[in-house]
Structure formats: C-alpha cells, structure tokens
Amino acid sequence: MRKLLAIAGLALLTISCQDDKGYSIKGTAEGIEDGKMLYISEIQNPNSRPQRIDSTAINDEKFELDLTEVESSNLSFLEIEGIDGNVIFISENQPISFEIYKDSLRTSEIKGGKENQTLTTYLDHLKETNKKVGEGRQQMQQAFQQRDSTQLRVLQETEAELMDNDKVFKKKMVKENPDSFVSVMILLDMMNMKSFPVNEIKELYEGLDDEVKQSSIARSLEQKLESESAVAIGSKAPNFTAPTPEGEDLSLEEIRGKVTVIDFWAAWCKPCRIENPNVVKIYEKYHDKGLEIIGVSLDRPNQRDKWLKAIEEDKLPWHQVSHLEFWNEPVAKQYGIRAIPATFILDKDGVIVARDLRGQNLENKIAELLGEE
C-alpha cells in the first residue's frame with residue numbers, strides 16, 4: 001500500500017506551543033552515554049540528502065544547542081551518533097525541546113511552536129487514515145478469499161470514503177494554515193501522490209503567504225507546478241522539435257491530426273514493447289479517420305541501432321523522433337516524464353484531454369474524440 005506521505009513513517013510527534021522566541025533546541029536523552037554526537041540536518045535541496053548544519057555532544061543524558069535564526073521554516077532532522085533513525089521536526093524561531101527515546105528515535109517526543117504543532121496534527125491524521133486503510137485491506141483479502149462479494153463491495157466503498165475524507169482534510173489544512181511551512185509539505189504530498197489535479201494544487205499554493213514560499217522545498221514545488229501545469233489535462237500541448245531516424249527535424253505542429261497521441265517509450269522498456277502491438281492495431285484502425293501518433297524515444301546515447309531495430313521489430317508505422325539522450329531527452333524533460341510508457345492524447349486543437357491511457361481505454365478515448373462511438 002502506497003504511503004499517504006513519505007515522511008509519515010519517520011516520526012510520531014507530541015507537540016505543545018510556546019511563546020518564547022529564538023531557534024534553539026534542548027532535551028533529554030536517557031541511556032545515551034556522554035560524548036555521543038547529536039546532529040541537526042535540514043533539507044537544503046529537495047533533490048539531495050539532508051545536510052548537517054550543526055552538532056553538539058550529549059552530556060549527563062542532556063543536550064542543548066543554539067542555532068541561527070531561520071528566515072523561513074524548513075524540514076529538519078535530529079540524529080544521534082551510532083543510533084539508527086532520526087527525529088523529524090520543523091525549524092522555527094521558537095525553543096524546541098525533545099525527549100529522546102534511545103530504542104526508538106521515531107517515537108521521541110518534541111515540544112515546539114505553531115509549525116511543529118501543525119505538523120503533529122497532520123501526521124496524526126495520516127497515522128489514523130493509514131491504520132484504517134490497512135485494516136480495511138486485510139478485511140478485503142478475507143472477503144475475497146471467502147468470495148463474499150457483498151462485503152468486498154462495502155469495504156471498497158469504505159476505503160473510497162476514507163480517501164475522499166483525506167482529500168478534504170488536506171485541502172482544509174492548507175487553506176486554514178496559509179502561513180505554515182507544513183502546508184507546503186502537504187501540497188508536495190498531494191503532488192507526488194497525484195491525488196489532485198495540478199491546477200487545483202497550484203491554486204492552493206498561490207494562496208500561501210509569500211514568506212512560506214521562500215524555502216527551497218517551496219521553490220522546488222513551485223517549479224514542479226509550473227512544469228506540470230503546462231502539460232496538465234486541459235492545457236495546450238507544448239510544441240517540440242526533434243530528429244527523426246532519418247536525421248531530419250520534425251515538430252509536433254507539423255503532424256497533428258484530429259486526434260494526436262504523443263507516445264514516450266524506449267527499446268529497452270518492456271512494458272512499452274508489450275503495449276506496442278495494441279497501439280499498432282489502434283493506429284491501423286483510426287489513422288485514416290484522423291489519428292496521428294508521434295513516438296518519442298528515451299533510448300540511450302550511442303544506441304541508435306537498438307532504437308531503429310525496435311521500430312522495425314514492432315512494425316511501428318507512425319512518426320518517430322529522439323535525441324537519444326536517455327532520461328535527459330529534451331522532449332521528455334519538457335513534458336515532465338519520470339516513467340515510461342507515458343502517453344498524452346490531444347484533441348484537434350492540440351489540447352491535452354487525457355494522459356497515460358493503454359489498451360481498450362486508449363482506443364475508447366480515441367474513438368470518442370473521432371466521433372466513432
């Protein structure tokens with residue numbers, strides 16, 4: 001079962017609010033010997049590992065550390081030398097205190113300001129939702145084994161309701177906490193889980209206070225939203241130009257039909273190759289009625305022969321282009337491709353009307369757009 005939030009398993013926090021100012025940490029660490037180092041790290045680049053920003057030694061099972069005031073809150077971690085795991089918290093200009101549990105860092109307790117209190121509220125919700133979904137999945141498995149279709153349907157409806165409630169909760173949290181860094185984390189979760197339309201997430205992000213948008217995570221989210229909203233359903237597909245197998249440049253605008261499919265694939269991609277025969281059948285059935293397809297390959301540099309061989313073996317009759325730059329393929333980066341196969345279905349005006357359809361679902365959509373239903 002996919003996690004509702006990647007950080008949810010990292011820590012369960014107990015928070016209270018304090019009015020004192022200044023970013024500092026202190027706490028107790030029962031059972032941890034003198035001299036062990038305590039490290040504070042934070043996410044400085046969302047695409048890299050947390051970076052250590054300060055440290056202190058534990059003495060008499062206690063620690064204390066003054067840190068530079070933060071301009072904006074950020075996702076932070078407390079680690080202890082020789083102990084697996086970490087404690088997650090939000091950096092904020094408030095004194096933050098910890099009660100560290102040596103045998104289970106992730107269940108350590110923390111008291112801080114508003115940011116950490118908001119984080120706990122969110123994590124508690126995720127913990128409860130994950131628990132209910134997990135229990136429901138177990139019951140579904142039993143109902144399936146017992147061939148109890150009625151009970152199975154009830155459980156599926158219950159899970160759907162849980163997911164709907166989760167969506168409502170997330171939107172409410174963001175709207176009620178526009179000044180909280182935690183709202184950025186929630187939006188990033190929504191983005192990664194693809195549980196909301198990109199344009200809706202973008203609208204929620206735009207409602208956040210400007211100060212909250214200053215962190216590296218917020219800036220990364222903003223860039224991702226800008227990139228993905230350009231290729232979201234309802235957007236005009238960005239034009240591109242790339243080399244054909246013959247070495248000539250071909251653009252999307254040149255080949256657009258009444259319906260156009262942009263198909264991101266590669267010779268090395270087994271799911272892509274398995275799907276190709278189905279796409280060939282669809283192309284042969286609807287090409288004369290206005291269907292055009294352009295394949296964009298993510299094959300590796302210096303493997304042009306494998307690209308061409310795959311086109312020949314799979315008998316792909318539609319347009320093909322590629323810079324042969326693997327995951328650095330410019331068209332794939334332009335369209336935010338992180339996994340293949342990936343497809344974009346465009347209407348006669350070049351507007352994206354569907355994404356990532358395969359098999360019968362792909363054919364049904366093409367037939368609908370061509371008025372062939």
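**Group meeting: one sheet and some salt bridges**

I will start with two strands: β11, residues 259-265, and β12, residues 291-297, run parallel and are joined by 7 bridges. To pick out one position, I262 has I294 as its bridge partner in β12. Keep in mind that what we are looking at is a predicted model.

In general, the strands of a sheet pair through backbone hydrogen bonds, and the pairing can be parallel or antiparallel. So what is the order of the strands in this open sheet? There are 5 of them, and the order reads β13-β12-β11-β14-β15, with mixed pairing. At the edges stand β13, residues 319-321, and β15, residues 352-355; each has a single partner strand, so one side of each has no neighbour in the sheet. On average, neighbouring strands here are turned by 20° against each other, ignoring direction.

Next, a helix on this sheet. Helix α10, residues 359-369, lies across β11, β12, β14 and β15. Its angle to β14, which covers 342-346, is about 15°.

Now the salt bridges. The structure holds 17 of them, and I will go through three pairs and one network.

The first pair I will show is D189 and K170, whose side chains meet at 3.0 Å, N to O. D189 sits in helix α3, residues 181-193, and K170 in helix α2, residues 149-176, so to speak of distant parts of the chain: they are 19 residues apart. Are these two buried or exposed? Both D189 and K170 are buried.

Then there is E200 with K171, where the closest N and O atoms are 2.9 Å apart. This pair also links distant parts of the chain, with E200 in helix α4, residues 198-206, and K171 in helix α2, 29 residues apart. E200 has a relative accessible area of 24%, so it counts as partly exposed. K171 is partly exposed as well, at 24% relative accessibility.

The next pair is R338 and E228, with the closest N and O atoms 2.8 Å apart. Which parts does this pair tie together? R338 lies in the loop between α9, 330-334, and β14, while E228 is in helix α5, residues 216-229, so the salt bridge ties together parts 110 residues apart in sequence. R338 is exposed, because its relative accessible area is 53% and the cut-off is over 50%. E228 is buried, because its 9% falls under 20%.

Last, the network: R273, K309, E313 and D314 are joined into one by salt bridges that share partners.

Note on methods:
Residues numbered from 1 in each chain as written. Predicted model: local features only at pLDDT ≥ 70, side-chain atom pairs only at ≥ 80, totals over all residues. Heavy atoms only, no water. Pairing = 2+ DSSP bridges. Helix = DSSP H or I, 4+ residues; strand = E, 2+ residues; numbered from the N terminus. Axes fitted to C-alpha atoms, helices over the stretch in contact; angles between N-to-C directions. Contact = heavy atoms within 4.5 Å. Salt bridge = Lys/Arg side-chain N within 4 Å of Asp/Glu carboxyl O. Buried < 20%, exposed > 50% of the residue type's maximum accessible area, 1.4 Å probe, protein only.
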